[in-house]
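Student: I'm new to this structure and would like to learn how to read it. Could we go through it step by step?

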Amino acid sequence: MSSLTSQTAASPVKQKLPRHVAIIMDGNGRWAKRRLMPRIAGHRAGVEAVRGIVKACARKGIEVLTLFAFSSENWRRPREEVGLLMDLLLSALEREAQKLHENDVCLRFIGDRSAFSAKLSEKMAEAEVLTAANTGLKLVIAVNYGGRWDITQAARRLARQVATGELAAEAIDEALLQGQLSLADLPEPDLFIRTGGEQRVSNFLLWQLAYTELYFTDTLWPDFNDQSFEAALASFAGRQRRFGRTGDQVEQMQGA
Ligand code: IPE
Ligand code: IPE
Ligand code: MG
């Protein structure tokens, strides 16, 4: 091992960390199926993995963690599974909100809430109010979220401003549209992780992923642990983000 490598290994603080990590937590159903268990058992095990990743991000000082919990397309699943997922979300929220608050986590939900039960919407709003002033990890849970929905609702808001005469159509640019998206006030994801082996975005953060580093792993979500996360972070740290520039330009900028 060269001295440079051992130095890097001895000082993990120096590793380039993402500010914002966004995760598609996939593979719960297959995890359960392999154990001859019902799919919901996989979702329950998935909640445990969520606890683990939240702790890891808080410990590392990562600013934002966005988790895809339920997509706008997941309503297509069997009624029973959808119902059980909603129950699981509600019970996890009731159980964890206070603990998250004690750990200085600021919780936020993104997605179309109009489809949820009154009780679930209430609990979501309560947890957001409870943790709003916290300055630790920002934990964003995407529920009934779709990237296309997000862009559409942003466009609708701008259209309303145009209709009332507040805004000229010609004045609409990327920054204005971005300002109406769900994560407008947060840095864009630096690292995207999808577990469960599929290599697709499944209508997650479409706009925001424009320059995100993508990482795919076969590990099923309930099995995703600290070690799996370290592997993703190491992959991220080894990448050169060019944002359209040449590699030489980036090296010059970093050296300056
Ligand atoms: C992800 O796991 C959780 C949700 C989509 C709610 P899946 O339930 O999609 O698990 P697989 O893909 O069937 O294994
Ligand atoms: C994506 O997983 C959504 C969530 C993890 C919440 P899916 O399992 O629903 O994705 P597809 O259907 O395989 O693309
Ligand atoms: Mg899946």
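Tutor: Sure! One idea to start with: a residue counts as buried when its relative accessible area is under 20%, as exposed when that value is over 50%, and as partly exposed in between. Keep in mind that this is a predicted model.

Student: Let me try that out. Is E96 buried or exposed?

Tutor: E96 has a relative accessibility of 13%, so it counts as buried. You'll find E96 in helix α4, residues 79-102.

Student: And which side chain does the side chain of E96 make a polar contact with?

Tutor: That would be the side chain of R95, at 3.4 Å. The cut-off for such a contact is 3.5 Å between N or O atoms.

Student: Let's try another acidic one. Where is D190 found?

Tutor: D190 is in the loop between α7 (174-178) and β5 (191-194). With a relative accessible area of 13%, D190 is buried. Its side chain reaches the backbone nitrogen of R19 at 2.8 Å.

Student: Now the ligands. Which residues are around ligand 1?

Tutor: To read a ligand site, look for residues with a heavy atom within 4 Å of the ligand. For ligand 1, these are M25, D26, G27, N28, G29, R30, R39, H43, A69, N74, R77 and L85. Sorted by class, that shell holds 3 nonpolar, 5 polar and 4 charged residues.

Student: What polar atoms does ligand 1 have close by, say in R30?

Tutor: An N or O atom in the side chain of R30 is 2.7 Å from an oxygen atom of ligand 1. Polar backbone atoms take part as well: one of G29 is 2.9 Å from a ligand 1 oxygen, and one of G27 is 3.4 Å from an oxygen of ligand 1. As for cover, ligand 1 has 380 Å² of accessible area on its own, and the protein covers 87% of it.

Student: Which elements give two or more residues to the shell around ligand 1?

Tutor: Those are α2 (28-34) and α3 (39-60). The biggest share comes from α2, with 3 residues. And if you look for pockets, the space that ligand 1 takes is the largest pocket.

Student: What about ligand 2: which residues surround it?

Tutor: Around ligand 2 you'll see I24, M25, D26, F68, A69, F70, S71, N74, R77, R194, R200 and S202. By class, this shell has 5 nonpolar, 3 polar and 4 charged residues.

Student: Which strand gives the most to the shell around ligand 2?

Tutor: Strand β2, residues 64-71, gives the most, with 4 residues. The space ligand 2 takes is the largest pocket.

Student: How far is an oxygen atom of ligand 2 from an N or O atom in the side chain of N74?

Tutor: The distance for N74 is 2.9 Å. Two other side chains are worth a look: an N or O atom of D26 is 3.1 Å from an oxygen of ligand 2, and for R77 the value is 3.2 Å. On its own, ligand 2 has 390 Å² of accessible area, of which the protein covers 78%.

Student: Next, backbone angles. How do I read phi?

Tutor: Most residues other than glycine have a negative phi, so a positive one deserves a second look. S202, one of the residues around ligand 2, has a positive phi of about 45° although it is not a glycine. N203 also has a positive phi, near 60°, and is a residue other than glycine.

Student: Where is S202 found, and is N203 buried or exposed?

Tutor: S202 sits in the loop between β5 and β6, and N203 is found in the loop between β5 and β6 too. Because its relative accessible area is 15%, N203 is buried, while S202, at 29% relative accessibility, counts as partly exposed.

Student: One last residue: where is L205 found?

Tutor: L205 is in the loop between β5 and β6 (213-216). At 0% relative accessibility, L205 counts as buried. You can also compare chain separation with distance in space: L205 and Q15 are 190 residues apart along the chain, and their C-alpha atoms are separated by 26 Å.

Terms used
Residues are numbered from 1 along each chain as its sequence is written. Chains are lettered from A and ligands numbered from 1 in the order in which they are written. This is a predicted model: local features need pLDDT of at least 70, side-chain atom pairs count only at pLDDT 80 or more; totals for chains, interfaces and linings use all residues. Side-chain values use heavy atoms; hydrogens and water are left out. A polar contact is a pair of N or O atoms within 3.5 Å; within protein, one must be able to donate a hydrogen and the other to accept it, and residues adjacent in sequence count only if both atoms are side-chain atoms. Accessible areas come from the Shrake-Rupley method with a 1.4 Å probe; for residues, only the protein chains shown count as cover. On a 1 Å grid over the protein atoms alone, a cavity is a set of points where a 1.4 Å probe fits but cannot get out, and a pocket is an open set with protein on both sides within 12 Å along at least five of seven lines; lining residues have an atom within 4 Å of a point. A molecule sits in a cavity or pocket if more than half of its atoms lie within 2 Å of its grid points. Ala, Val, Leu, Ile, Met, Phe, Trp, Tyr, Cys and Pro count as nonpolar, Asp, Glu, Lys and Arg as charged, and the others, Gly among them, as polar. Buried means under 20% relative accessible area, exposed over 50%, partly exposed in between (1.4 Å probe, protein chains only).
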